[in-house]
Amino acid sequence: MRTKTGSRVLRAALMAGASLCIAGSAYAAEPLVKACAKDGQFVIGFSQANNAEPYRQHVNDELTAAAKEVPGFTLQIADGAGNVNTQTSQVDNFITQKVDILLISPFEAAPLTPAVKRAMDAGIPVIELDRKTVGDPGKDYTAFIGGDNFKIAQEAGKYTASKLLPDGGEAAVLEGLPSSTPAVERLNGFKEGVKGNSKIQIVAEQAADWVPDKAQTAFAAMLQAHPDIKVLYASNDMMAAGALLAAKGAGKDVKIIGTDGLPGPAGGIEAVAKGDWAATFTYPTGAKEAIDMSKKILLDCATSVDTTVTVDTTAITAENAKQLMGK
Amino acid sequence: MSDQKISVATSLAPAAPQKHRVDPLAIIVRFQSLIGLVLVAIGGVIFSPRRHGEILFLNPDNIANIVRAVSETGIIAIGMTFVIITAGIDLSVGAVLGLSSVVTASMMISGGFGLIPTILAVLAMGIVFGVVQGTISTRFRLEPFIVTLAGLQAARGLALIVSGNQYINISYGDGPGLAPPVFAVLGERLFDNTVPVATIVFIIFAAIATIVLNTTRFGRYVYAVGGNERAARISGVPVSMVKISVYAITGFASAIAGIVHAGQFNFGSANDGMGYELTAIAAVVIGGTSLFGGAGSMVGTVAGTIMLGALANILQLNNITPATQLLATAAIIVLAAVLQSLVRRREGLGR
């Protein structure tokens with residue numbers, strides 16, 4: 001009897017202790033960054049894959065603008081120059097500097113994964129922009145913000161199948177740098193998208209390495225071989241611009257689709273507004289979302305954030321291009 | 001740490017080739033990259049950001065980062081030193097690195113080969129690639145510039161074919177389609193997490209190359225061919241053999257760098273190593289090796305390689321733009337070349 005009471009007391013004590021522990025841990029959930037403070041000064045390191053691509057410059061511009069609006073934020077941008085070795089060492093430099101948050105657009109996924117792990121191990125939250133490393137958001141890195149290359153290209157494919165070539169015909173694709181992740185995803189996405197219309201044939205696909213001069217040469221050759229090409233899907237705006245020159249040179253009226261929807265006089269939005277291209281599909285930078293998330297972590301002492309933020313594409317067509325031009 | 005290794009290598013090197021007289025400028029040029037490395041290191045310490053009084057530039061992690069980042073281009077630059085001493089050039093190295101990383105990845109992942117056969121095959125492929133380039137260049141008396149430019153295109157093309165236009169991720173484990181986990185050691189650090197394995201490969205390769213260049217008959221032949229090809233031929237040096245061999249060495253070095261690349265980054269892509277040929281040539285020239293051939297040192301190349309890495313590091317630690325980094329590198333290359341030209345003129349060898 002005595003022992004029974006004793007065990008009951010013990011059990012009650014244990015349970016009380018356990019529930020206290022649970023309550024305690026829930027109460028004291030640690031902020032992602034301990035040094036967070038409303039009026040603190042913070043350094044955000046951004047490891048960019050390759051400044052030479054206009055889209056990435058556009059990301060840098062948007063990030064810089066968004067970071068400027070937060071008084072305590074200093075943004076440092078390092079250019080990986082399209083080289084995983086350089087980018088890895090730059091991430092390591094940011095870790096040495098102990099930046100407060102690391103933003104990264106890895107040039108390639110697997111090669112940058114160990115560097116991201118080192119940052120996480122050093123207690124630096126990592127927000128991945130536009131491209132992911134290997135692993136799961138929330139565990140191997142803090143969060144991913146970006147668009148979905150495959151889906152965006154698939155949208156372009158569906159648009160081709162339903163709006164541009166409802167009665168079928170010949171289409172062609174200009175691919176980015178072969179064997180780079182976004183090039184492969186956009187190529188596959190577009191092909192998947194046009195499958196909905198069996199009367200569309202993709203008669204040519206060539207790599208133009210994201211650049212306009214190669215795109216012009218490649219598309220000119222395509223038009224020689226296949227004079228009946230009605231639609232060209234270019235995996236970025238730059239190549240679409242090159243393809244337009246080739247189409248004009250050949251005196252052909254080809255419906256051109258770009259990708260990225262870059263602003264400015266050389267960008268896709270203006271080209272669609274002028275009627276030079278049929279459409280372009282924006283690839284959202286996620287810059288604003290990334291700075292917002294940084295604010296939550298560093299200023300509001302967030303204990304958790306959304307681990308995946310997918311920013312949707314906007315189809316820019318003749319209907320909305322003029323409106324969006326000023327933005 | 002790296003400085004120590006260099007001084008070890010220096011002691012292995014015999015005295016400088018005999019000159020007519022001791023010219024202080026010549027001595028400066030001979031050790032220009034070491035001097036440059038010391039200057040960059042001093043600058044690094046002075047301008048380094050500090051945290052709680054700690055100089056970030058000298059943080060062991062930071063030093064490890066510098067020497068890791070330069071190990072691939074360093075391995076290539078060592079091979080390139082042989083070629084440039086013979087007054088040649090090899091533009092195919094970065095592309096052969098890409099080809100090697102793709103072949104390494106695809107042999108292990110889709111081919112099901114083991115680690116040792118893969119590494120041996122890739123090294124053999126690099127050597128063969130170099131031998132073919134060297135043979136074409138000597139047999140048809142073509143400029144190595146043009147032959148290796150073609151080699152660059154060929155290697156990138158082959159890499160795209162082998163990879164089927166895809167990037168190849170290397171996953172580890174036992175069984176088919178997986179690479180043995182030991183291969184991932186190339187991306188790690190040894191000795192209490194301080195020394196990157198990639199750097200160890202670089203230093204070992206540098207030490208062997210230094211011995212070969214400075215103490216063997218082959219090494220003397222390399223200098224002889226670059227110094228005066230006709231004189232070398234008359235005195236019985238197998239000039240063609242030597243020339244073919246140095247391209248085999250760059251091919252071999254690029255293959256090693258490609259394997260290191262694949263192991264470090266768990267990845268093979270036809271785009272790997274783009275532009276490495278130019279970084280390697282810059283490191284060799286800064287290291288005091290003359291593009292006219294006949295003169296140069298391995299120690300200089302190693303110091304030049306590390307100097308470029310340290311410079312990039314200190315500029316980024318201070319958040320200085322990549323543009324400035326390129327301008328600084330440009331200035332150093334010009335300075336190194338001008339110093340060499342001054343020495344040649346003083347010795348009456350102006351060409």
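**A chat about a predicted two-chain model**

Modeller: In this predicted model, B:Thr118 counts as buried, because 23 C-beta neighbours lie inside 10 Å.

Biologist: Okay, and where is B:Thr118 found?

Modeller: B:Thr118 belongs to helix α7 of chain B, which covers residues 115-139.

Biologist: Which residues is B:Thr118 in contact with, leaving aside its neighbours within four places in sequence?

Modeller: Once those neighbours are set aside, B:Thr118 is in contact with B:Thr104, B:Met107, B:Met108 and B:Phe113. As for B:Gly177, its C-alpha is 13 Å from that of B:Thr118, and the two residues are 59 residues apart in sequence.

Biologist: What about B:Ile55, is that one buried or exposed?

Modeller: B:Ile55 is partly exposed, because its count of other C-beta atoms within 10 Å is 15, while a residue needs 20 or more to be buried and 12 or fewer to be exposed. Its place is in strand β2 of chain B, residues 54-55.

Biologist: And what is B:Ile55 in contact with, beyond four places in sequence?

Modeller: Beyond that range, B:Ile55 is in contact with B:Val45, B:Ser48 and B:Arg50. For B:Val45, which is 10 residues away along the chain, the C-alpha atoms are separated by 6.8 Å.

Biologist: Switching to confidence, what pLDDT does chain B average?

Modeller: The average for chain B is a pLDDT of 84, and 92% of the residues score at least 70. Among the elements of chain B, helix α5 (residues 71-85) has the highest mean pLDDT, 95, whereas helix α1 (residues 2-12) has the lowest, 39.

Biologist: Where in chain B does pLDDT stay under 50?

Modeller: That is the case over residues 1-16 of chain B, for which the model has 22 contacts beyond four places in sequence. Where pLDDT is low, the predicted coordinates should not be read in detail.

Biologist: Fair enough. How many residues of chain B are in contact with chain A?

Modeller: There are 28 residues of chain B in contact with 25 residues of chain A. On the chain B side, the elements giving two or more residues are α4 (60-69), α8 (144-163) and α14 (298-317), and the largest share, 4 residues, comes from α4(B). By class, that side of chain B has 11 nonpolar, 14 polar and 3 charged residues. For the complex, the predictor gives an ipTM of 0.70 and a pTM of 0.74.

Biologist: Now chain A, how is it divided?

Modeller: Chain A has domain 1, made of 42-146 + 285-310, and domain 2, made of 149-283. Their C-alpha centres lie 30 Å apart, and 7 residues of domain 1 of chain A are in contact with 7 residues of domain 2 of chain A. On the domain 1 side, helix α2 (residues 54-68) of chain A gives the most, with 3 residues, and the residues of that side divide into 3 nonpolar, 1 polar and 3 charged.

Biologist: What does UniProt say about residues 44-294 of chain A?

Modeller: An unreviewed UniProt entry carries the annotation "domain: Periplasmic binding protein" for residues 44-294 of chain A. Over those residues the chain is 45% helix and 22% strand, with the end C-alpha atoms 8 Å apart.

Biologist: Last one, how many residues does helix α5 of chain A have?

Modeller: Helix α5 of chain A, residues 149-164, has 16 residues and reaches 21 Å from its first C-alpha to its last, which is close to the 22 Å expected at 1.5 Å a residue. Its buried residues include A:Asn149, A:Ile152, A:Tyr159 and A:Leu164.

Notes
Residues are numbered from 1 along each chain as its sequence is written. Chains are lettered from A and ligands numbered from 1 in the order in which they are written. This is a predicted model: local features need pLDDT of at least 70, side-chain atom pairs count only at pLDDT 80 or more; totals for chains, interfaces and linings use all residues. UniProt positions are given in the numbering used here, feature names are shortened, and annotations may be inferred rather than shown by experiment. Two residues are in contact if their C-beta atoms, placed from the backbone, lie within 7 Å. Ala, Val, Leu, Ile, Met, Phe, Trp, Tyr, Cys and Pro count as nonpolar, Asp, Glu, Lys and Arg as charged, and the others, Gly among them, as polar. pLDDT is the predictor's confidence in each residue, from 0 to 100. Domain bounds come from an automatic or database domain assignment. The expected span of a helix is 1.5 Å times one less than its number of residues.
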